[in-house]
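User: I would like a close look at one part of this model, with the salt bridges around it. Please keep it plain.

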Amino acid sequence: MAKLLSNPCCNSSAATFSSYHNDNINNLLCCSRKINALPSITHFSKWAPRILAGIQTRRRFELRSSNGYPLNAVSLQDEGSAANSQTEETQLSDSGKGDSTLSITVVGASGDLAKKKIFPALFALYYEDWLPENFVVFGYSRTKMTDEELRNMISGTLTCRIDRRENCDEKMTEFLKRCFYQSGQYNSEEHFSELDCKIKEKEDGKPSNRLFYLSIPPNIFVDVVRCASTQASSTSGWTRVIVEKPFGRDSESSNELIRCLKKYLTEDQIFRIDHYLGKELVENLSVLRFSNLVFEPLWSRNYIRNVQFIFSEDFGTEGRGGYFDNYGIIRDIMQNHLLQILTLFAMETPVSLDAEDIRNEKVKVLRSMKPLQLEDVIVGQYKGHNKGGKSYQGYTDDPTVPKNSVTPTFAAAALFINNARWDGVPFLMKAGKALHTKRAEIRVQFRHVPGNLYKRNFGTDLDKATNELVLRVQPDEAVYLKINNKVPGLGMRLDRSDLNLLYKTRYTREIPDAYERLLLDAIEGERRLFIRSDELDAAWSLFTPLLKELEDRKIAPELYPYGSRGPVGAHYLAAKHNVRWGDLTGED
C-alpha cells in the first residue's frame with residue numbers, strides 16, 4: 001500500500017469531464033444502456049461546485065451551516081475562479097429552487113466503515129428530518145449484491161434517537177426504500193456510467209446535487225474520482241467528494257495525492273474528513289474559549305503551563321494489523337486527530353466563524369511550529385501479557401503483522417508553537433493502543449499561584465495545587481475544572497475538587513455521532529470542519545522528517561505490557577519539560 005500511495009496517479013487516464021448538451025437525450029440513452037453512443041465534450045466548469053443548488057426542504061428541515069453563516073466561503077486555493085463559480089451557483093440555486101434532488105453515493109459500501117458509521121449516520125439525519133425531501137442513497141463496491149441485500153446488510157446497524165422511538169420502524173422502512181446498490185470495479189468508467197444511469201432514473205429529470213463518500217483504501221482514490229467525474233457527476237448542480245484519511249504517508253505522497261485529485265476536482269469540491277473534528281467536545285472547544293470571558297484572558301503562556309492531548313484505546317489492532325503496520329500510531333492518530341485539535345485550541349481569534357477564516361488561523365498555528373525532533377518523541381509497542389487469568393497477544397503475535405515489525409503502537413511527543421501567545425509552552429501529545437483505559441481528552445494545566453499563601457497545606461508537591469481544565473472528548477463527554485477548596489471543619493485542610501459539567505446529566509438528548517455532523521456539513525457546503533490542502537501540507541511538514549528518521553534508522557520501540565499505562569519513557573519525556581501527565585494521577 002505504501003508503494004501505491006507514493007504514486008496515486010498511476011492507472012489514471014487524462015482528466016476529462018463528460019457532459020451532455022441535452023438532458024432528455026441523456027436520460028433516454030441511460031434507459032437503453034447506450035451511454036457511450038453520444039460523444040463527450042470536455043467542460044471543466046460543468047463539474048465545478050454549485051453550492052446551495054436549491055434543495056427542497058421539509059417543514060422541519062433547515063439546510064443551514066453549522067456556524068449559522070451564509071455558505072459563501074471560497075477556498076484560498078481557487079480565488080481566481082471564485083467569482084464565476086459563485087455567480088453560476090446563485091443562478092442554479094434560483095432556477096432549481098424547490099425541485100432539486102440529492103444523491104449520496106457511498107463508494108466502498110460493503111466495508112466496515114460504511115456499515116457501522118456512514119449508513120447509520122445518514123439514517124440518523126433522515127430520522128431527525130435533516131435530509132431534503134428528494135434524496136436517494138446508493139451503495140457502490142466490487143461485491144455482487146442486490147438492492148434488497150444491501151438493505152438487509154445495513155438494516156441491523158440502524159438505530160433511532162432515544163427521544164423519538166415511536167415511529168422508528170416506519171422511518172427505517174422509508175429510509176431503506178431510498179437505498180439502492182450498484183456493483184462495479186473502482187477503475188471502470190463503464191461501471192460508473194451504469195451507476196450514473198441508475199441515479200438519473202431516481203432523479204427523474206430534476207436538477208441534481210451529488211455527494212460521493214470514498215470509504216475505500218487511499219491507493220484507489222484517484223481512480224474512483226476519475227471515473228466518477230467523467231461518468232457520474234451532476235450536470236445541473238454541485239458534485240462533492242468526501243475523502244477519508246489517511247491523506248498520504250508523508251509530505252511527498254500527500255502532495256502527489258493532492259495534485260492528482262486536482263486534475264479532476266477543484267479544492268472546493270474536496271472534503272477531507274477527520275471525524276474527530278465532528279465530535280461534540282471538539283466543537284465546543286471554540287465556544288468555550290471565545291464566548292466565555294473568564295477563559296480568553298487566561299489562554300496564553302502567561303497562565304498556562306502546558307497543554308496535553310491524550311488518546312488511548314484499551315484494545316490492540318484486533319485484526320487490523322496488516323493495515324495498521326503500514327501507518328503506525330503517529331500517522332493514524334497524532335498527525336491528524338490530535339494535531340487538528342491542537343490547532344483549534346491554539347489558534348488566534350478568527351475574523352469570523354466563516355470556514356476560511358477559521359482554517360486560515362489553523363494554518364498559521366501549523367506554520368509557527370517547528371518539525372518534530374527525535375529527542376522530543378518516545379515510541380512504544382505493546383507486548384503480550386497475562387492479566388486476570390487471561391492472556392493477551394502482543395502486537396507482533398498478530399498473524400497479519402511481520403514478526404520483526406518496529407511500527408509503533410504508542411507515541412508521545414512534545415511540540416512547541418513559536419509565537420507571542422504560546423512561546424515556551426509545551427504541547428504534549430500521547431496516543432496508544434492496548435493501554436489500561438479508553439479515553440480522549442484535552443488537559444490544560446495552569447501555572448502555580450505566585451506566592452501561594454496556602455503553600456504549606458500542599459506540602460512539597462505544588463502540582464497538587466495546580467488548576468486544571470479538562471475537556472473529555474470520550475467516553476462520557478464532560479468539561480470540568482479542578483480548583484482548590486477548603487474541606488469543611490475546624491481545621492485548615494485543603495482539597496482539590498471539580499467544577500463538573502457532565503453532558504449526560506446536564507443534557508438528556510443523545511449526542512449525535514461525529515459522522516452525522518460532518519455529512520450534514522458536506523451536504524450544506526460548510527467546510528469549517530474539513531481540512532484544506534495547504535493545512536494538510538503544513539501538518540505533514542511537521543511529522544515527515546521524524547517519520548523518515550524513525551524508518552531509516554529502524555529505531556526499536558520501547559515495549560510495554562498489554563493493558564498497562566504505556567512505556568516508561570513517556571514519563572521521562574514529560575519530566576524533561578517539567579510536566580506530569582494529568583491522566584496518571586489517579587484523581588479521575
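Why does Asp357 count as partly exposed?

Analyst: Asp357 counts as partly exposed because its relative accessibility is 21%; buried means under 20% relative accessible area, exposed over 50%, and partly exposed in between, with a 1.4 Å probe and protein chains only. This is a predicted model, in which local features need pLDDT of at least 70 and side-chain atom pairs count only at pLDDT 80 or more, while totals for chains, interfaces and linings use all residues. Residues are numbered from 1 along each chain as its sequence is written, and side-chain values use heavy atoms, with hydrogens and water left out.

Asp357 sits in helix α13, residues 355–367. Helices (H or I, at least four residues) and strands (E, at least two) are DSSP runs, numbered from the N terminus. Leaving aside residues up to four places away in sequence, Asp357 touches Pro350, Val351 and Ser352, where contact means heavy atoms within 4.5 Å. Arg528 is 171 residues from Asp357 along the chain, yet their C-alpha atoms are separated by 8.8 Å.

Arg528 itself is buried, with a relative accessible area of 12%. Its side chain meets that of Glu526 in a salt bridge, 4.0 Å from N to O. A salt bridge here is a side-chain nitrogen of Lys or Arg within 4 Å of a carboxyl oxygen of Asp or Glu. Glu526 is also buried, with a relative accessible area of 4%.

Another salt bridge involves the loop between α12 and α13, where Glu348 lies. Glu348 pairs with Arg421, and the closest N and O atoms are 2.8 Å apart. Arg421 lies in the loop between β11 (410–415) and β12 (427–432), so the pair ties together parts that are 73 residues apart in sequence. Glu348 is partly exposed, at 32% relative accessible area, whereas Arg421 is buried, at 16%.

Helix α12 takes part in a salt bridge too, through Asp332 and Lys245, whose closest N and O atoms are 3.0 Å apart. Asp332 is in helix α12 and Lys245 in the loop between β5 (239–244) and α9 (251–261), so this pair links distant parts of the chain, 87 residues apart. Both Asp332 and Lys245 are buried.

Helix α12 (328–346) is also among the elements that cover the buried residues of α10. Those buried residues of α10 (residues 280–290) include Leu281, Val282 and Glu283. A search of the whole structure finds 36 salt bridges.
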